[in-house]
Amino acid sequence: MALTGTKTYQNYIGGEWVDAASDETFESVNPATGEVVGAFPKSSAEDVDRAVEAAKDAYQRWHLVPAPKRAGLLFRVGQRFIDRKDELTELMVKEMGKVRPEAGGDVQEAIDMTYYMAGEGRRLFGHTTPSEMPNKFQMSVRMPIGVVGAITPWNFPIAIPSWKIAPALVCGDTVVFKPARDTPMLGERFVEIFEEAGLPAGVLNIVHGGGETVGERLVAHPDVPLISLTGSREVGVRTAQNAASLLKHVHLELGGKNAIIVMDDADLELAVDGIIWSAFGTSGQRCTAASRVIAGAKVYDSLQSQLVARAEKLRLGNGLDEDTEVGPVINKSALEKIHSYTEIGKDEGAKLLTGGEIATENGLDKGFFYRPTIFADVDPEMRIAQEEIFGPTTALIRATDVDEAIRIANGIEYGLSSSIFTRDINKAFRAIRDLNAGITYINAGTIGAEVHLPFGGTKQTGNGHREAGQAALDFYTEWKSVYVDYSGKLQRAQIDPGE
Ligand code: UN1
């Protein structure tokens, strides 16, 4: 049953809502109820080309708008996000499934990022440095680059677009935005807010559709020099490969297999809170989710029983219900993938402590619900301890000391987030130095990054770039070094001695 009739939404290109070239559509579905949220165009390469043309044309003017004025747009967008926070929050619960407080947090993250990047309009600092020669001035300045292809995931459907689009716009780039197929309505609202805030035509465009058509065309398009993608490792590798022949700048934010280490001296109650939140918050569908728990011998048994008791109490349901703690997973294929990992874990010999099944009681069968799942006696090499499941499943692993715990935590192909619970300052600093990850938490779970610090990971989590914070500016601009020689004569660097 459709919530909003059978309305088909449009793309937004060059400041106008327009139909796609083909009549084909796809539906966005509420994962808690199976209801249709709306129908969206299955756009083709032709639609992408139109959007890129509009963004390229707009770039000619936008990059010359003074940065504090570009920031003015973002300040107005930030205010509108605040004004429409409740409405966006409710829509997010309906389209993506996360529970209301978390959906509100997602919108808040976009508010924070938009204001943070708006502030950059009066900074975008470069450097001045002395010259090795007399009467010579030099500085480095950030230069905008051109059109950005922003390809975003469904798990943070308002926050992550803001992580890419706010810095791109303040830096003077223009954007073609492809939201995830599971959350197109939130993508369309996101753009609508920019339109309300006075977006100049073509500066931000949205093209709906699949990765294999819209995403791939953006990556292949010669007039899109920047691609920022948050998605799976597989799609990330393909994106980098396809973009390589054009030497595009590619920012990739891919998977995680994040661990929480609990040392024998930890505050166990706090660790249990951190694990439950990090493993089952957003139904485990965060790149930063804790899908492994590495525990010392003395705390292992107690931790295991407390975690099981807490997980079994978590209330599954529609995120619109006040008492729901865990919402659905995004779609049927995610549900099937998550369940297949339960089978894999059992076959590998891990001990299933709780969960491990699709929840169907009290109408949950209308949506895609999976019971919070905990495996114990997990060997670090098992697939459930190595591969990203992206669901409410976590694996308990034993470690004898901090060295072994860190070795196990690092023994994966990813490197996004990491955490250690300990009261020992020496162990905490060892972990900060030795955990090979883009983020390390001390005495907190693996989730909850703030917008003014760099976000991203090591190893197969990405390709070395970071988003958020000042680090994002390095992706959306290029450095230019400027030398001004006011000596009135030829001065040769490295050759002529200074006076
Ligand atoms: C993600 O799952 O890709 O730190 C982003 C966190 C959130 C962002 C997660 N602020 O968990």
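In this predicted model, a polar atom in the side chain of glutamine 138 lies 3.1 Å from the backbone oxygen of proline 130. Glutamine 138 itself belongs to strand β6, which runs through residues 136-144. With a relative accessibility of 13%, glutamine 138 counts as buried, because the cut-off for a buried residue is a relative accessible area under 20%.

Two further buried positions help a newcomer to find the way around the fold. Proline 153 is part of the loop that links β7 (147-151) with α5 (159-171). Its relative accessible area is 12%, so proline 153 is buried. Along the sequence, proline 153 and proline 179 are separated by 26 residues, yet in space their C-alpha atoms are 6.8 Å apart. Threonine 393 offers a second example of this kind of pairing. This threonine is located in strand β16, which covers residues 393-399, and it is buried, with a relative accessible area of 3%. The partner here is glycine 284: the two residues are 109 positions apart in sequence, while the C-alpha to C-alpha distance between threonine 393 and glycine 284 is 7.0 Å.

Attention now turns to the ligand. The ligand sits in the second largest pocket of the model. The residues around it can be followed along the chain in three groups: Glu109, Asn155, Phe156, Ile160 and Trp163 come from one part of the list, Arg286, Cys287 and Thr288 from another, and Ile447, Gly448, Ala449 and Phe455 complete the shell. By character, this shell divides into 7 nonpolar, 3 polar and 2 charged residues. Under the grouping applied here, Glu and Arg count as charged, and the shell contains Glu109 and Arg286.

Several polar contacts to oxygen atoms of the ligand can be described in turn. Threonine 288 takes part through its side chain, where an N or O atom is 2.7 Å from a ligand oxygen. Cysteine 287 takes part through its backbone instead, with a polar backbone atom 2.8 Å from an oxygen atom of the ligand. Glycine 448 also contributes a backbone N or O atom, which lies 2.9 Å from an oxygen of the ligand. On its own, the ligand has 320 Å² of accessible area, and the protein covers 99% of this.

Key: Residues numbered from 1 in each chain as written. Predicted model: local features only at pLDDT ≥ 70, side-chain atom pairs only at ≥ 80, totals over all residues. Heavy atoms only, no water. Near = heavy atom within 4 Å. Polar contact = N/O pair within 3.5 Å; in protein donor to acceptor, adjacent residues only side chain to side chain. Areas by Shrake-Rupley, 256 points an atom, 1.4 Å probe, with all protein chains shown as cover. 1 Å grid on protein atoms, 1.4 Å probe; cavity = no way out; pocket = protein on both sides within 12 Å on 5 of 7 lines; lining within 4 Å. Sits in = over half its atoms within 2 Å of the grid points. Helix = DSSP H or I, 4+ residues; strand = E, 2+ residues; numbered from the N terminus. Buried < 20%, exposed > 50% of the residue type's maximum accessible area, 1.4 Å probe, protein only.
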